[in-house]
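Colleague: Before I rely on any of the assignments here, I would like to go through the reasoning behind a few of them.

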Amino acid sequence: MRVDVVMPQMGESIAEGTITRWMKQVGETVGRDEPLFEISTDKVDAEIPSPAAGKLVEIKNAAGETVPVNQVVAVLETDASAAASAPKPESKPPETKPAEAQPAAAPPAPKPAPAAPAPAAAVASEASSEGSFVSPVVRKIAAEHGIDPSSVPGTGAGGRVSKKDILDFVAQGKPPAAAATPSTAPARVAPAAPAAPQVTFASGARTERQAMTPMRKKIAEHMVESRRTSAHVHSVFEVDMSRVVALRTKYKSLYEERHGTKLTLTPFFVKAACDALRAFPILNSSVEGNEIVYRKDLNVGVAVALDWGLIVPVVRNADQLSIAGLTMKINDLAERARTKKLLPDEVQGGTFTITNPGIFGGLFGLPIINQPQVAILGIGGIEKRPVVIDDAIAIRDRMYMSMSYDHRVVDGAVADQFLAFVKKVLQEFDESLL
Amino acid sequence: MTLSCRFLGRVPYAQAAALQERLVGLRRSGASTDTLLLLEHPPVVTLGRGARAGHLLLDEAALSARGIELHEAGRGGDVTFHGLGQLVGYPVVALQGARRDAHRYLRDLEDALIGTAAAFGVEAAREPGLTGAWVGRDKLAAIGVRIGTGWITSHGFALNVGDDLSGFDTIVPCGIRDRGVTSLTRETGATPSLEEVARVAADHVATALGLAAVWEAAVSSASARRESA
């Protein structure tokens, strides 16, 4: 798999960086996180680690060049050193054959082998690239015409699709599926997850074709990849939230006054999860090959729904923050997620995730694990329900709390003990923490 | 989280650079905590990655004749001078979360330096576009940092404390021609000891980076002095 290396964003107000030195030359292999090049911005020199293990196949910008943030500066080939289990590009069927020869009627589309990419490579590409670089202009034109930019033959550096390429492509008036991919085009290896595009629905007045946004593509890849990686199992607990709801009501205005922030329920869940993670550290682990990697830091991801998708900012060392600290941190991250101001780094390095499938009234959800983590906690909707307490019927705030976990390393008994712990912390929430 | 602070006294540049490199490795592997080294260098001119030849006014031989070493430094910034009576601080810190922002880190260090100066009665300020701490048109403290894999910082800042600033004649500080240099002593007439300033600076650096300063036993300081002797 080819992995693009981009000029990293070193800070919110930093738009470009000057490459001062390449530590590796084309043809050399580099390990994941091994220093690959150095950049300099203002009074800061920074060493940039490689996003993946592989062979450096192209350097696009020499030392001394100043490059805007997120522009591709080099390309790695990860297959060279990645696990042998990853299919070799050569063994793959040729990419999207011109469809003109094959009318929509059941093309003998070779089923792409469900690739099992090496975990390291998969994680790396997730973190740092989404395959080939497509400029916003090209992406926009592509979206307007319902073209998948990767199907356009690129003439730019490294087969990159230029504005002219896509305009020419559009001018040829060929619908995307009928476009001929010149055999001279460099063989592009498709990302593992999505199947090679097949034309099932003919284009016409009753259909509308739209290219996936990069975020959509990333979510799609990530989700399918997780399903393939982990043995998902689920448990659901019912929790009495009356105490937490009352505490939140009681402290809401005080938080507004004292900390200038809105107290939500999320910090309660994060706090309860942290306590339980300390008690059951296997839930805060990752699987690498035949080893379990216990993560000592509790970096809790909190899923934020966006109009255009979903993102999971990470609260680092969440266990070290007070409820007030958690509240401010989570609100800040969520706000910046919505205004697209998160730093790339703030969505990486999570060790456990909390998601919230109950916002629209769902009782509970069975979420997909956020790789390379082993568990994800789902918070259902809270509603008043009659319950029997000491043989009397009472009205209480109740909630279903679900967890998906990776049965490769977490057994049901442990998961249930973990959830029972979370439940206990929530039901007996310590007011002095507020 | 804590920032483990050490005052090392007088340490030659090369030795401090090697120590930093070792600490960066230890920090990266999780074998050490965030650390702040505080020390002074025997006279040395260092060239950052952004250094321009014209900003060094004497050649190596002429510098050597004045007892000044010349070193290349793997940090950002232009050319700078370190000498006796200047407090040099090297934070080796793994930046976390929102602090993983190069500009923010520079601004945090500036805050710490301005706060330190204030504690000694000197009103320093930022100059937009010119990193460092300034008193009027004169530079009180310089900053040049490196951020390594894993957002681990090294290099750092140099705060002029003592009266002797003659070493700066050999360079155009940070490549800025029409400005001068100053020190805490120049501004106030009083000369606090470097260790005294180090204690105050450590607190300000820790605060600016959201850490709590903890002092290491003075053993390391004594051994560093022995090694340098």
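Colleague: How do you know that the span of helix α3 of chain B agrees with its 18 residues?

Modeller: Bearing in mind that this is a predicted model, helix α3 of chain B covers residues 102–119, and at 1.5 Å a residue, counted over one less than the number of residues, its 18 residues should span 26 Å. The end C-alpha atoms are 26 Å apart, so the value agrees with the expected one.

Colleague: What makes residues of α3(B) such as Y105(B) and L109(B) count as buried?

Modeller: A residue is called buried if 20 or more other C-beta atoms lie within 10 Å of its own, and the residues of α3(B) in that class include Y105(B) and L109(B), together with the charged-type names D108(B) and E110(B). Just after this helix, G121(B) takes a positive phi of about 85°.

Colleague: Why are β5(A) and strand β9 of chain B said to pair?

Modeller: Two strands pair if DSSP finds at least two bridges between them, and β5(A) and β9(B), residues 138–148, have 3 bridges in the parallel sense, so the condition is met. Within this pairing, V44(A) stands opposite V145(B).

Colleague: Which residues make up the contact, and what does β5(A) supply to the side of chain A that touches chain B?

Modeller: The contact takes 21 residues from chain A and 23 residues from chain B. On the side of chain A, β4 (35–41) and β5 (44–49) each supply at least two residues, and the largest share, 5 residues, comes from β5(A). By class, that side has 7 nonpolar, 5 polar and 9 charged residues.

Conventions:
Residues numbered from 1 in each chain as written. Chains lettered and ligands numbered in written order. Predicted model: local features only at pLDDT ≥ 70, side-chain atom pairs only at ≥ 80, totals over all residues. Contact = placed C-beta atoms within 7 Å. Helix = DSSP H or I, 4+ residues; strand = E, 2+ residues; numbered from the N terminus. Buried ≥ 20, exposed ≤ 12 C-beta atoms within 10 Å, placed from the backbone.
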